[in-house]
Amino acid sequence: MPDSRFKIMTSAATSGPGDAGRTGSWRVERPVIDYSRCTPARTGRHACHLCWFYCPDVAVSKTIEPQFDLDYCKGCGICAEECPVGAITMVAEETFAEGGADE
């Protein structure tokens, strides 16, 4: 006998951002890198890459100029915290909204 105190609820949502590990839509801040301060970019050598090493979502490439995959970056800011030269800053997503700063 069903308990009338509870309703059966189902989701009418369709799949979208956030599915399959794509956490980029959760982000409220995104990392922005200053390549003039970034050690690999400045020296042209594979060095440092602490942003890549500490990223829990593997959203940073291990390239001479590290790139962020914003589909997977959830904006935790660990990369900015671990960067020894302060080349990464976290910038509010609203800054990049239509009509805002260039991406």
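The turns below ask how the labels given to some residues of this structure are justified.

Me: What kind of model is this, and how are residues numbered?
Reply: This is a predicted model, in which local features need pLDDT of at least 70, side-chain atom pairs count only at pLDDT 80 or more, and totals for chains, interfaces and linings use all residues. Residues are numbered from 1 along each chain as its sequence is written, and side-chain values use heavy atoms, with hydrogens and water left out.

Me: Why is T39 called buried?
Reply: The relative accessible area of T39 is 18%, and buried means under 20%, exposed over 50% and partly exposed in between (1.4 Å probe, protein chains only), so T39 counts as buried.

Me: What makes F53 and Y54 an aromatic pair, and of which kind?
Reply: Rings of Phe, Tyr and Trp (its six-membered ring) pair if their centres lie within 6.5 Å, with planes under 30 degrees apart counted as stacked, over 60 as edge-to-face and the rest as tilted. The centres of F53 and Y54 are 5.1 Å apart with 90° between the planes, and the pair is edge-to-face.

Me: How do you know that E93 forms a salt bridge with R27?
Reply: A salt bridge is a side-chain nitrogen of Lys or Arg within 4 Å of a carboxyl oxygen of Asp or Glu, and the closest N and O atoms of E93 and R27 are 2.6 Å apart, so the pair qualifies. E93 lies in the segment after β2 and R27 in the segment before β1, so the pair ties together parts that are 66 residues apart in sequence.

Terms used: Helices (H or I, at least four residues) and strands (E, at least two) are DSSP runs, numbered from the N terminus.
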